[in-house]
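Trainee: Could we go through this model together, with me asking and you reasoning out loud?
Mentor: Gladly, let's take it one topic at a time.

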Amino acid sequence: QVQLTESGGGLVQPGGSLRLSCATNKFTLDYYAIAWFRHAPGKEREGVAAIASYSGTTYYGDSVKGRFTISRDNAKNTVYLQMDSLKVEDTAVYYCAASTYFSAYELNIDDFTFWGQGTQVTVSS
């Protein structure tokens, strides 16, 4: 049973911070890599960050390296995306997703078969 529920989106100013949460369950964390994608109007869905199920190895898209941090709290069955130094171009609907495959070198949307409902992040002054 895979379940994913995002929360934490909202409106922030450029340079601000926001933390997104992806609530899941033990089964999902044990067997699936968890990733964050985002989808802005007129753009393709973009891989943001991912974390492996066992090793905790992480992946970050080039556009967010140094600004975003993905982490996992197994006691709470939750994966987080800490977003700092936010830019206007970070505005999008953010989704968490689960995959049985993990790569430290790329984030392929076709690998992800389970998705949350999304949470809106708007960065604007």
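What follows is a conversation about a predicted model, covering a sheet, a disulfide, two loop residues and a cavity.

Trainee: In what order do the strands of the open four-stranded sheet run?
Mentor: Let's build the order from the pairings. Strand 7 and strand 8 (residues 78-83) pair in the antiparallel sense over six bridges. Strand 3 (residues 18-23) also pairs with strand 8 in the antiparallel sense, again over six bridges. With strand 1 included, the order of this open sheet is 1-3-8-7.

Trainee: Which strands are the edge strands of that sheet?
Mentor: The order 1-3-8-7 belongs to an open sheet. An edge strand here pairs on one side only, and that applies to strand 1 (5-7) and strand 7 (68-73).

Trainee: By how many degrees are neighbouring strands of this sheet turned against each other on average?
Mentor: The pairing in this sheet is antiparallel, so it helps to know how the angle is taken, with axes fitted to C-alpha atoms. Direction is ignored in the average, and the turn between neighbours comes to 20 degrees.

Trainee: Which residue of strand 8 is the bridge partner of Cys22?
Mentor: Start from the other neighbour, strand 7. There, Ile70 stands opposite Leu81 of strand 8, while Arg72 has Val79 as its bridge partner. On the strand 3 side, the bridge partner of Cys22 is likewise Val79.

Trainee: How many of the six residues of strand 8 are buried?
Mentor: Strand 8 has pairing with strand 7 and with strand 3. Buried means under 20% relative accessible area. Strand 8 is mostly covered, and the count of buried residues is five.

Trainee: Which cysteine is joined to Cys22 by a disulfide?
Mentor: The rule asks for cysteine sulfur atoms within 2.5 Å, and the count comes to one disulfide. Its S to S distance is 2.2 Å, and the partner of Cys22 is Cys96.

Trainee: How many residues apart in sequence are the parts that this disulfide ties together?
Mentor: Cys22 lies in strand 3, whereas Cys96 lies in strand 9 (residues 92-99). Both cysteines, Cys22 and Cys96, are buried. The pair therefore ties together parts whose separation in sequence is 74 residues.

Trainee: Is the disulfide of Cys22 and Cys96 right-handed or left-handed?
Mentor: The torsion about the S-S bond settles this. For Cys22 and Cys96 that torsion is about 70 degrees, so the disulfide is right-handed.

Trainee: What is the phi of Asn77 near?
Mentor: Most residues other than glycine have a negative phi. Asn77 sits in the loop between strand 7 and strand 8, a hairpin with four residues between the strands. Asn77 is not a glycine, yet its phi is positive, near 55 degrees.

Trainee: Is Ser85 buried or partly exposed?
Mentor: Ser85 is in the loop between strand 8 and strand 9, and has a positive phi of about 50 degrees although it is not a glycine. For exposure, Asn77 at 23% relative accessibility counts as partly exposed. Ser85 has a relative accessible area of 41%, so it is partly exposed.

Trainee: How many lining residues of the largest cavity are nonpolar?
Mentor: The search of the whole structure finds one cavity of 30 Å³ or more, and about 50 Å³ of space lies in the largest cavity. Its lining consists of Tyr101, Phe102, Ser103, Glu106, Leu107, Asn108, Asp111 and Phe112. Two of the lining residues are polar and two are charged, and the nonpolar ones number four.

Terms used. Residues numbered from 1 in each chain as written. Predicted model: local features only at pLDDT ≥ 70, side-chain atom pairs only at ≥ 80, totals over all residues. Heavy atoms only, no water. Pairing = 2+ DSSP bridges. Helix = DSSP H or I, 4+ residues; strand = E, 2+ residues; numbered from the N terminus. Axes fitted to C-alpha atoms, helices over the stretch in contact; angles between N-to-C directions. 1 Å grid on protein atoms, 1.4 Å probe; cavity = no way out; pocket = protein on both sides within 12 Å on 5 of 7 lines; lining within 4 Å. Points joined across faces, edges and corners; volume = space filled by probe spheres on them. Nonpolar A, V, L, I, M, F, W, Y, C, P; charged D, E, K, R; others polar. Buried < 20%, exposed > 50% of the residue type's maximum accessible area, 1.4 Å probe, protein only.
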